[in-house]
Each structure stands twice: as structure tokens, then as C-alpha cells.
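Visitor: I have a structure to go through with you. Could we take it in short questions and answers?

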Amino acid sequence: MSYPFSRATSQSLRAGAVLALVVCAAFVMPAIFAAAAPPVPTVDINIAKFAYGPKEITITPGTKIVWINHDETPHTVTSNDKSFASKGLDTDDKFEHTFASEGDFGYICTVHPFMTGVVHVRKQ
Ligand SMILES: [Cu+2]
């Protein structure tokens with residue numbers, strides 16, 4: 001009499017199939033949504049010769065700025081309103097900040113306060 005055995009096998013196969021579907025959905029669905037999400041617009045600001053380049057920039061909300069220190073000297077990116085602040089950036093170090101809302105964000109290098117920059121965030 002193999003009926004009870006095959007019934008149990010069938011049930012465990014079905015359970016396995018359901019589990020496989022759940023696992024598949026858990027891993028594949030987020031990937032689909034991630035692929036559908038638009039990429040975050042990104043702008044680089046270079047730090048070189050004790051200056052931010054460009055020193056002044058206008059972006060739209062949701063844009064990410066990446067500051068890159070090309071100098072041999074450490075610099076920081078420290079906003080006047082303290083809404084963002086990097087650590088000391090060594091050569092080739094990067095600091096990034098995504099600007100969610102509109103405003104004018106002035107910033108300085110705390111090591112060299114004569115180094116200033118400003119980010120204007122404006123809806124188009
Ligand atoms: Cu500096």
C-alpha cells in the first residue's frame with residue numbers, strides 16, 4: 001500500500017513549490033521595483049586648489065551632490081545651517097548629500113573658512 005506515502009510526498013512537494021514561490025517573490029519583486037525606480041540625479045563638485053568647483057550650483061529637489069577632494073590637504077563640507085557636514089576628507093575622499101527640499105544651502109570648509117560654496121535647490 002503506497003497510497004499514504006505518495007500522498008505525503010505530494011503534500012511535501014506542494015509545500016516545497018509554495019515555499020519556492022514565496023522565496024522567489026521575496027527576492028525578485030524588490031528587484032523589479034528597484035529597476036523601475038528612476039535613478040537619483042547626481043552632480044559632482046570637485047574640491048581642488050582650496051576651492052569648490054563649481055562654487056555655486058542650482059539643482060532640483062532629490063538631487064544628490066558628491067564632493068570629491070582632489071587636494072593633498074584635508075577639507076570638509078560643512079553647511080552653515082548644520083543640515084549636512086562631512087568628516088575631514090583626505091585626498092580622493094568623497095562626501096555625498098541628497099537635497100530633499102528647496103532652499104539655499106551655504107557651506108564652508110571648517111579647516112579653511114575662506115573656502116565657501118552654496119547649493120540652490122529649486123523646483124523647475
Ligand atoms: Cu579646506
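Guide: A salt bridge here is a side-chain nitrogen of Lys or Arg within 4 Å of a carboxyl oxygen of Asp or Glu. Keep in mind that this is a predicted model.

Visitor: How far apart are N and O in the salt bridge of Arg122 and Asp104?
Guide: The side chains of Arg122 and Asp104 meet in a salt bridge. The cut-off for such a pair is 4 Å. The N to O value is 2.8 Å.

Visitor: How many residues apart are Arg122 and Asp104 in the chain?
Guide: Arg122 sits in the segment after β8 (116-121). Asp104 belongs to strand β7 (residues 103-108). The pair therefore links distant parts of the chain, at a separation of 18 residues.

Visitor: Is Arg122 buried, partly exposed or exposed?
Guide: Exposed means over 50% relative accessible area and buried means under 20%. Arg122 has 35%, and its partner Asp104 has 45%. Asp104 counts as partly exposed. Arg122, too, is partly exposed.

Visitor: How many salt bridges does the structure hold?
Guide: One of them joins Lys87 and Asp93, at 3.4 Å from N to O. Another joins Glu96 and Lys64, with the closest N and O atoms 3.5 Å apart. The total is 3.

Visitor: Which strands are linked by the pair of Glu96 and Lys64?
Guide: Glu96 forms a salt bridge with Lys64. The two residues are 32 residues apart, so the pair links distant parts of the chain. Glu96 lies in β6 (residues 94-99) and Lys64 in β4 (residues 63-69), giving the strands β6 and β4.

Visitor: Is Lys87 buried or exposed?
Guide: The threshold for exposed is over 50%. Lys87 has a relative accessible area of 57%. Its salt-bridge partner Asp93 is partly exposed at 24%. Lys87 is exposed.

Visitor: In what order do the strands of the open sheet run?
Guide: The sheet has 4 strands and its pairing is mixed. Its edge strands are β2 (51-53) and β6, each pairing on one side only. Neighbouring strands are turned by 25 degrees against each other on average, direction ignored. The order is β2-β1-β4-β6.

Visitor: How many bridges join β1 to β4?
Guide: Strand β1 (residues 42-48) and β4 run parallel. In this pairing, Thr42 stands opposite Lys64. The number of bridges is 6.

Visitor: In what sense do β4 and β6 pair?
Guide: Lys64 stands opposite Thr98 in β6. Ile65 stands opposite His97 in β6. The pairing has 6 bridges, and its sense is antiparallel.

Visitor: How many residues of β4 are buried?
Guide: A residue under 20% relative accessible area is buried. Strand β4 has 7 residues and is largely enclosed by the rest of the structure, because the number buried is 6.

Visitor: Which residues touch the most other members of the largest nonpolar core?
Guide: This core has 18 residues. β1, β3 (56-59), β4, β6, β7 and β8 each supply at least two of them. The residues asked for are Tyr52, Trp67, Val77, Phe99 and Val119.

Visitor: Which residues coordinate the copper ion?
Guide: The donor residues are spaced H-x33-C-x2-H in sequence. Their donor atoms lie at 1.9 to 2.1 Å. They are His75 (ND1), Cys109 (SG) and His112 (ND1).

Visitor: How many residues apart in sequence are the parts tied together by His75 and Cys109?
Guide: Both His75 and Cys109 are buried. His75 lies in the loop between β4 and β5 (78-79), and Cys109 in the loop between β7 and β8. The pair therefore ties together parts whose separation in residues is 34.

Visitor: Which residues does the cis peptide bond join?
Guide: Omega of this bond is about 0 degrees. Pro54 has its place in the loop between β2 and β3. The bond joins Gly53 and Pro54.

Visitor: What is phi of Lys82?
Guide: Lys82 lies in the loop between β5 and β6. At 63% relative accessibility, Lys82 counts as exposed. Phi is positive although Lys82 is a residue other than glycine, and the value is near 65 degrees.

Technical notes
Residues are numbered from 1 along each chain as its sequence is written. This is a predicted model: local features need pLDDT of at least 70, side-chain atom pairs count only at pLDDT 80 or more; totals for chains, interfaces and linings use all residues. Side-chain values use heavy atoms; hydrogens and water are left out. Buried means under 20% relative accessible area, exposed over 50%, partly exposed in between (1.4 Å probe, protein chains only). Two strands pair if DSSP finds at least two bridges between them. Axes are lines fitted to C-alpha atoms, for helices over the stretch in contact, and angles run from 0 to 180 degrees between N-to-C directions. A nonpolar core is a set of buried Ala, Val, Leu, Ile, Met, Phe, Trp, Tyr and Cys residues joined through side-chain atoms within 4.5 Å. Donors are N, O and S atoms within 2.8 Å of the metal (3.2 Å for Na, K and Ca); water is not among the atoms, so sites may look incomplete.
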